[in-house]
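This briefing covers one protein chain. The sequence and the structure are shown below.

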Amino acid sequence: MSKKLRYSLIGATAVVVLVLTCIFAFSSCGTNNIIKIASRDATNYDLNLIYNDDTKSLYGTANVDYINTSDDTLNEVFFHLYPNAFREGATYKPVSEQRWSDAYINGDSFGSITVKNVKVNNKDVNFSVGGKDQDILVVPLSSALYSNSRTTISFDFDVIIPNVKHRFGYTDSAVNLGNFYPIACVYENGAFDTSPYSYNGDPFYSDIANYNVDLTISNDFVVASTGELKDKSTDGDKTTYSYKALAVRDFAMSVSKNFSVKTEKVDGVEIQYYYHSDSQPDTSLQTAVKAVSTFNDLFGKYPYKTLNVVETSFVHGGMEFPNIVFISDDLSSYEEYTNVIVHEIAHQWWYGVVGDNQNKDGYIDEGLAEYSCILFYENNPEYQISRQEILGNDLKSYILFSEIYGDLFENFDTSMDRELTQYNTEPEYTYMAYVKSVLMFDNLRQLIGDSNFAKGLKTFYKDNQMQFATRDTLTIAFESASDMPLKSFFDSWIDGEIVIVGN
Ligand SMILES: [Zn+2]
């Protein structure tokens, strides 16, 4: 996600206090045909969706060919039901009080998901729905599921879409379908991760999976989606679109009667720009094309064939999903709009291909997406935005934020890997995951030098693709690239021990 803070001050310098100790590590080899390999041992989702625009609802049937990739034997499988965070009275609301009226422009509106007819291997099971916000579906398995074994879980679901400018919600501009279907929780350390929704950050964590999705919708809608369009058939006033996506972490769509589309191919990737009010669509598309080209060169190749950039209503700056990004249609300037395009596209590398647990490690994907914008501007000087300008703004605003929060909170916590629900406010999360993380990556670059930093990004991308990156794998990649000990560097930044002061 992109949450741009508004800076007005530039030109600060910093003294950064660091402690270093020696830890050496080595990177492992990447692979070439990464999608083919990653899709082989992944869960397969077959979704059939029917969208009803009169009721702003979606009826779905799901057939999930689930694979147990853990070493444990499973007796049940958990799924997130994210739309239930949008219910009236939800404990973990999708929007903070401060942003509520910006998001719900027509007043309160609520959404939900109801799951029924749950079967395992075609037999009815006694499923349950739990979690504080009825946001976890628990499916008992009819027999133990051993490591590397598969089982078939099927169910029907009804989704009510709220009127809200969010990842999941409809407005006059479009219907955003992000996090709208039951998605399997990640199983790790002997349990399913059932982290709730949070208005801070992107509260999502899901494994690489494969999708076959059919959407039936009125003919007058234009559909932007994760994956490749494989088939399209019209019956009366309805059209069914069939998408296939291999080795992706999630599946999202945005549909609208107002979208125009512009397309350009770069490095074998078809970039489609869906827009409804952008007065400079060709320029926006070119920014997307340059972003893909630049990041292909800097980090390693984007492995998918499609990337959709969608101008839509969204209360924050933008949102990333695999193969598709949402860009807010009410940003304050075109420069900011451009920046959000670049930031969200960078997430295809950091979040999409290289995943992380966004419930606690968002500083990795957000920090790298923000830093990728700096690298983009350095490599595309026609945008006339310098590294020094961005860092000066980040540093000055971080120091001001620290001063204010240091006064407000007695034990001001500057650690960067807390659970999303542990941040006191939205700005606190934003400053830690975005601004401080950018300062960390720039400090790293100064420490190990430009070429080692560039090599480290390539190593990190190659070694963590289709996996979940962590603080450890981040450290290992840059240690390998620089041949320098960096554990204490990352620990002191991430644990909040670093002291950042301006002069
Ligand atoms: Zn982001």
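What follows describes a sheet, the helices that pack on it, and a pair of domains.

The model is predicted. Its sheet is open and has five strands, with mixed pairing. The domain assignment of the chain gives domain 1 and domain 2, and residues of the two are in contact.

**Sheet**

- The strand order is β20-β21-β22-β24-β23.
- Strands β20 (260-266) and β23 (318-321) stand at the edges; each has a single partner strand, so one side of each lacks a neighbour in the sheet.
- From one strand to the next, the twist averages 15°.
- Five bridges join β22 (residues 306-312) to β24 (residues 324-328), and this pairing is parallel.
- Asparagine 308 has isoleucine 324 of β24 opposite.

**Helices on the sheet**

- Helix α3, residues 281-299, packs on the sheet and touches β20, β21 (269-275) and β22.
- The direction of α3 makes about 145° with that of β21.
- Helix α4, residues 334-346, lies across β22, β23 and β24.
- Relative to β24, helix α4 runs at about 155°.

**Domains**

- Domain 1 is made up of 14-32 + 364-502, and domain 2 covers 43-207.
- The centres of domain 1 and domain 2, taken over C-alpha atoms, are 32 Å apart.
- Contact between them involves seven residues of domain 1 and eight residues of domain 2.
- On the side of domain 1 that touches domain 2, four residues are nonpolar, one is polar and two are charged.

Key
Residues numbered from 1 in each chain as written. Predicted model: local features only at pLDDT ≥ 70, side-chain atom pairs only at ≥ 80, totals over all residues. Pairing = 2+ DSSP bridges. Helix = DSSP H or I, 4+ residues; strand = E, 2+ residues; numbered from the N terminus. Axes fitted to C-alpha atoms, helices over the stretch in contact; angles between N-to-C directions. Domains from an automatic or database assignment. Nonpolar A, V, L, I, M, F, W, Y, C, P; charged D, E, K, R; others polar.
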